[in-house]
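Colleague: I'm new to reading protein models. Could you walk me through this one?

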Amino acid sequence: MDLVDKAKNYVSEKVAEKVTNMEKPEATIMDVDVKKISFDSISYHAKVSVTNPYKVPIPIMEIAYVVKSSGRIIATGTIPDPGSLKAKSTTLVDVPAKVPHSAIMSLVMDIAADWDIDYTLELGLIIDLPVIGNFTIPLSYSGEYKLPTLSDLWRGDDEEEKDEKDEKEKKVKKLEEKEMK
């Protein structure tokens, strides 16, 4: 092996070592909420917190998602070009996932057992890192959605609005008490 080959090997080893030990963005699924129930689907929204350790913004190329229930895939999709991660900061990314009712109806056994839908949301945030290229941050979140009972349906929106109003008033009172102290 001549001197040029030794130099190439040394440089490639050092670059590989630096890339391996380099800080990478990290992400966490903070919460998954049901945002909308319509006649044809249920819309879930995941709140994802992504930390960018670099001094430059990083573009998110795509977000891929899979929603599973009872071990079955009930929805998949991608969100192209959802924005970018702020430099040296944490960015909250909202990831909507739409699950058609036809897929949920196939889960009757799970629903009948405990009147809820157990789900797992798997996300892949694909970001474009300088030098490295596309890098996927895999995430997973499991939860359950309690279905409304007949008594919930009879109560209607008026009760829900009243409950929400009461909660807001309690929060305002707590804030006022803290400010008084």
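Modeller: Happy to! Two strands count as paired if DSSP finds at least two bridges between them. Keep in mind that this is a predicted model.

Colleague: Which residue is the bridge partner of Val-67 in strand 6?

Modeller: Begin with the strands themselves: strand 3 and strand 6 (residues 116-129) run antiparallel. Eight bridges join the two. Within strand 6, Val-67 is partnered by Leu-121.

Colleague: Strand 3 also joins strand 4; which residue takes a positive phi in their hairpin?

Modeller: Strand 3 (residues 58-69) and strand 4 (residues 72-85) are antiparallel and share eleven bridges. Along that pairing, Ile-63 stands opposite Ile-79. The hairpin leaves two residues between the strands, and the one with a positive phi near 50° is Ser-70.

Colleague: In the open sheet with the order 1-2-5, which strands stand at the edges, and why is one side of each left without a neighbour?

Modeller: The three strands of this sheet pair in the antiparallel sense, in the order 1-2-5. Each edge strand has a single partner, so one of its sides has no neighbour in the sheet. The edge strands are strand 1 and strand 5.

Colleague: Which strand gives the largest share of the largest nonpolar core?

Modeller: This core has 33 residues, and Val-48 and Leu-123 touch the most other members. Strands 1 through 7 each supply at least two of its residues. The largest share, seven residues, comes from strand 6.

How values were computed. Residues are numbered from 1 along each chain as its sequence is written. This is a predicted model: local features need pLDDT of at least 70, side-chain atom pairs count only at pLDDT 80 or more; totals for chains, interfaces and linings use all residues. Side-chain values use heavy atoms; hydrogens and water are left out. Helices (H or I, at least four residues) and strands (E, at least two) are DSSP runs, numbered from the N terminus. A nonpolar core is a set of buried Ala, Val, Leu, Ile, Met, Phe, Trp, Tyr and Cys residues joined through side-chain atoms within 4.5 Å. Buried means under 20% relative accessible area, exposed over 50%, partly exposed in between (1.4 Å probe, protein chains only).
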